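Me: Please explain how the descriptive terms applied to this structure are justified. I should like each value set against its criterion.

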Amino acid sequence: MMWCKNGNKDYFTRMGTRKKVHAFVRVKPTDDFAHEMIKYGDDNKTIDIHLKKDTRRGVVNNQQTDWSFKLDGVLHDASQDLVYETVAKDVVSQALNGYNGNLVN
């Protein structure tokens with residue numbers, strides 16, 4: 001195992017293979033989907049969530065209302081085939097070659 005530096009990213013390599021945790025989010029709209037609460041970045045790698053303040057909490061309200069996430073990819077209204085090709089295909093292939101891999105739903 002060897003420690004490598006690539007730009008501003010550090011990672012371990014084993015036999016020339018880069019190991020990194022990837023994070024994707026799949027958003028599947030429904031009829032009552034909150035379109036006004038979720039905004040997607042133009043790069044398909046960021047997602048911003050905004051909740052309106054709950055006025056029932058009073059004038060002094062420290063409730064968090066905004067979250068922003070930077071990911072490896074945002075799959076908005078994507079088919080199951082596209083999700084597999086983008087997220088799971090390499091993990092499954094490497095698992096069949098004996099490497100550990102996890103997909104969390």
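**From values to terms**

Reply: In the protein chain, 38% of the contacts with a separation of 6 or more are accounted for by residues 24 or more positions apart. The model is predicted, and the protein chain contains one helix and eight strands. From the N terminus on, the order of the elements is β-β-β-β-β-β-β-β-α.

Me: What makes β5 and β6 a pair of strands?

Reply: Strands pair if there are at least two bridges between them. Strand β5 (residues 38-40) and strand β6 (residues 46-50) are joined by three bridges and run antiparallel, so the criterion is met. Within this pair, Y40 stands opposite I47 in β6. The hairpin of β5 and β6 has five residues between the strands, and N44 there takes a positive phi near 55 degrees.

Me: How do you know that β6 also pairs with β7?

Reply: Strand β7 (residues 66-70) is joined to β6 by five bridges, and the two run antiparallel. The requirement is at least two bridges, therefore β6 and β7 count as paired. One of the facing positions is T46, which stands opposite K70 in β7.

Me: Why are the side chains of K70 and D43 said to meet in a salt bridge?

Reply: The N to O distance for K70 and D43 is 3.7 Å. A salt bridge requires a side-chain nitrogen of Lys or Arg within 4 Å of a carboxyl oxygen of Asp or Glu, so the pair qualifies. The pair links distant parts of the chain, with K70 in strand β7 and D43 in the loop between β5 and β6, 27 residues apart.

Me: Why is K70 called exposed, and why is D43 called partly exposed?

Reply: K70 has a relative accessible area of 63%, and exposed means over 50%, so the term applies to K70. D43 has a relative accessible area of 39%. Buried means under 20%, and D43 lies between the two limits, therefore D43 is partly exposed.

Me: What makes E85 and K89 a salt bridge?

Reply: Their side chains meet at 3.4 Å, N to O, and the limit is within 4 Å, so E85 and K89 satisfy the rule. Both lie in helix α1, four residues apart, about one turn of the helix. E85 is partly exposed at 47% relative accessible area, and K89 is partly exposed at 39%. By this rule, the count of salt bridges comes to two.

Me: Why does L96 count as exposed?

Reply: L96 has 71% relative accessibility; exposed means over 50%, so L96 counts as exposed. L96 is found in helix α1 (residues 80-96). Together with Y84, V92 and L103, L96 makes a nonpolar surface patch of about 390 Å². The protein chain exposes about 8,900 Å², of which carbon and sulfur atoms supply 51%.

Me: What makes up the largest nonpolar core, and how is F33 placed in contacts?

Reply: The largest nonpolar core has six residues in all: V27, F33, I38, I47, L71 and V74. Membership requires burial, so each of these residues has under 20% relative accessible area. Leaving aside neighbours within four places in sequence, F33 is in contact with V27, K28, I38 and Y40. Across the protein chain of 105 residues, buried residues make up 17%.

Terms used. Residues numbered from 1 in each chain as written. Predicted model: local features only at pLDDT ≥ 70, side-chain atom pairs only at ≥ 80, totals over all residues. Heavy atoms only, no water. Core = buried A, V, L, I, M, F, W, Y, C linked by side-chain atoms within 4.5 Å. Buried < 20%, exposed > 50% of the residue type's maximum accessible area, 1.4 Å probe, protein only. Contact = heavy atoms within 4.5 Å. Areas by Shrake-Rupley, 256 points an atom, 1.4 Å probe, with all protein chains shown as cover. Patch = residues over 30% accessible without salt bridge, like charges linked within 9 Å, V, L, I, M, F, W, Y side chains within 5 Å.
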